[in-house]
Amino acid sequence: MNIRAATADDGEPAALVLRRSIAELCGRDHENDPALLASWLANKTAEHFRDWVRAEDTLCLVAEGDDGAILGVGLMSRSGEIRLNYVSPDARFQGVSSALIRAFERGAAQLGVARLTLNSTATAHRFYLARGFRDEGQPQTGRLRENIYPMAKVLSQTEA
Ligand SMILES: CC(C)(COP(=O)(O)OP(=O)(O)OC[C@H]1O[C@@H](n2cnc3c(N)ncnc32)[C@H](O)[C@@H]1OP(=O)(O)O)[C@@H](O)C(=O)NCCC(=O)NCCS
């Protein structure tokens, strides 16, 4: 597996990974509620992905398998907010999300950013805790809304 900068050509397969990851892996968050799922997926399109790739204030990364398939998609603002971190259901628990987070930690260090922030799903909350993120403030959870666990991680010199 290789982590690389995303390109506009990744639009279709990357959007498919985002959509499948949310629909198939985040059931604990959307509970198969059609309206919630539809609103969550609304901007997970190839067109939006290409906009994220072109934006100057974000780093957009993909994890690529040996066969060239996109296994994961990540997006971080240059101020250290991780906005997307989604693994393909075909590659779950094979280190893809961990590799994306490590890449963002390296990217943040290069940008002089010492603290990463994100809004976790319930699905990924345990994953982020195990990777050194801590809860910041009250989670916003409940039926018919996307779960949001605000989290942050101060990067150590080692990670930088
Ligand atoms: C949970 C998730 C983020 C883990 O990412 P991954 O690429 O599949 O897994 P990795 O191999 O990188 O990391 C494995 C870690 O996931 C966590 N994990 C393992 N089993 C898990 C489970 N059943 N549920 C939740 N987390 C689990 C553990 O922390 C594990 O670390 P460990 O092996 O050191 O104990 C991913 O599987 C997932 O469900 N993603 C859905 C999309 C999402 O919610 N993204 C976050 C948006 S903020």
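Helices, as the word is used here, are DSSP runs of H or I with at least four residues, strands are runs of E with at least two, and both are numbered from the N terminus. With this numbering, N32 can be placed in the loop between α2 and α3. The structure described here is a predicted model, and the report goes from its sheet to its helices, then to a loop, and finally to the surroundings of the ligand.

**The sheet**

Strands of a sheet pair through backbone hydrogen bonds, either parallel or antiparallel. In this model an open sheet of 7 strands follows the order β1-β2-β3-β4-β5-β7-β6, and its pairing is mixed. The edge strands are β1 and β6 (134-135), each of which pairs on one side only.

Strand β2, which covers residues 58-64, is mostly covered, since 5 of its 7 residues are buried. Strand β1 (residues 2-5) pairs with β2 in the antiparallel sense over 4 bridges, and within this part of the sheet A5 stands opposite L61 in β2. Strand β3 (residues 70-77) also runs antiparallel to β2, and the two are joined by 7 bridges. Between β2 and β3, T58 stands opposite S77 in β3, while the bridge partner of A63 in β3 is G72. The hairpin formed by β2 and β3 has 5 residues between the strands, and G68 in this hairpin takes a positive phi near 90 degrees.

**Helix α1 and its neighbours**

Helix α1 lies across β2, β3 and β4, and runs at about 90 degrees to β3. Two packed helices are described by the angle between their axes and the distance between the axes. For helix α1 (residues 11-25) and helix α4 (residues 46-54), the axes come within 8 Å and cross at roughly 110 degrees. Angles of 65 to 115 degrees count as roughly perpendicular, and α1 and α4 are therefore roughly perpendicular to each other. On the α1 side the residues that meet α4 are G11, E12, A14 and A15, and on the α4 side they are A46, F49 and R50. Sorted by class, this contact of α1 with α4 has 4 nonpolar, 1 polar and 2 charged residues.

Two leucines can be followed in more detail. L16 is found in helix α1, and it is partly exposed, because 16 other C-beta atoms lie within 10 Å. Computed along the sequence, L16 and A42 are 26 residues apart, and their C-alpha atoms are 12 Å apart in space. L41 has its place in helix α3 (residues 34-41), and L41 touches R19 and I22, when residues up to four places away in sequence are not counted. The C-alpha atoms of L41 and L18 are separated by 8.3 Å, with their positions 23 residues apart along the chain.**A loop and a comparison of exposure**

Which loop holds E31? E31 lies in the loop between α2 (27-30) and α3, which is also where N32 is found. E31 has a positive phi of about 50 degrees although it is not a glycine, and N32, likewise not a glycine, has a positive phi of about 55 degrees. A residue counts as exposed if 12 or fewer other C-beta atoms lie within 10 Å of its own, and as partly exposed if the number falls between this and the 20 or more of a buried residue. The table lists four residues with their counts.

| Residue | Other C-beta atoms within 10 Å | Exposure |
|---|---|---|
| E31 | 12 C-beta atoms | exposed |
| N32 | 8 C-beta atoms | exposed |
| L41 | 15 C-beta atoms | partly exposed |
| L16 | 16 C-beta atoms | partly exposed |

**Around the ligand**

How many residues surround the ligand? There are 21 residues around the ligand, and the closest are S97, S98, T121, A124 and A130. The elements that give two or more residues to this shell are α1, β4 (81-87), α5 (96-111), β5 (115-120) and α6 (122-130). Of these elements, α6 supplies the largest share of the shell, with 5 residues. By class, the residues of the shell around the ligand divide into 10 nonpolar, 9 polar and 2 charged.

Definitions and conventions. Residues are numbered from 1 along each chain as its sequence is written. This is a predicted model: local features need pLDDT of at least 70, side-chain atom pairs count only at pLDDT 80 or more; totals for chains, interfaces and linings use all residues. Axes are lines fitted to C-alpha atoms, for helices over the stretch in contact, and angles run from 0 to 180 degrees between N-to-C directions. Angles under 35 degrees count as roughly parallel, over 145 as roughly antiparallel, 65 to 115 as roughly perpendicular and the rest as oblique. Two residues are in contact if their C-beta atoms, placed from the backbone, lie within 7 Å. Ala, Val, Leu, Ile, Met, Phe, Trp, Tyr, Cys and Pro count as nonpolar, Asp, Glu, Lys and Arg as charged, and the others, Gly among them, as polar. A residue is near a molecule or strand if its C-beta atom, placed from the backbone, lies within 6 Å of it. Two strands pair if DSSP finds at least two bridges between them.
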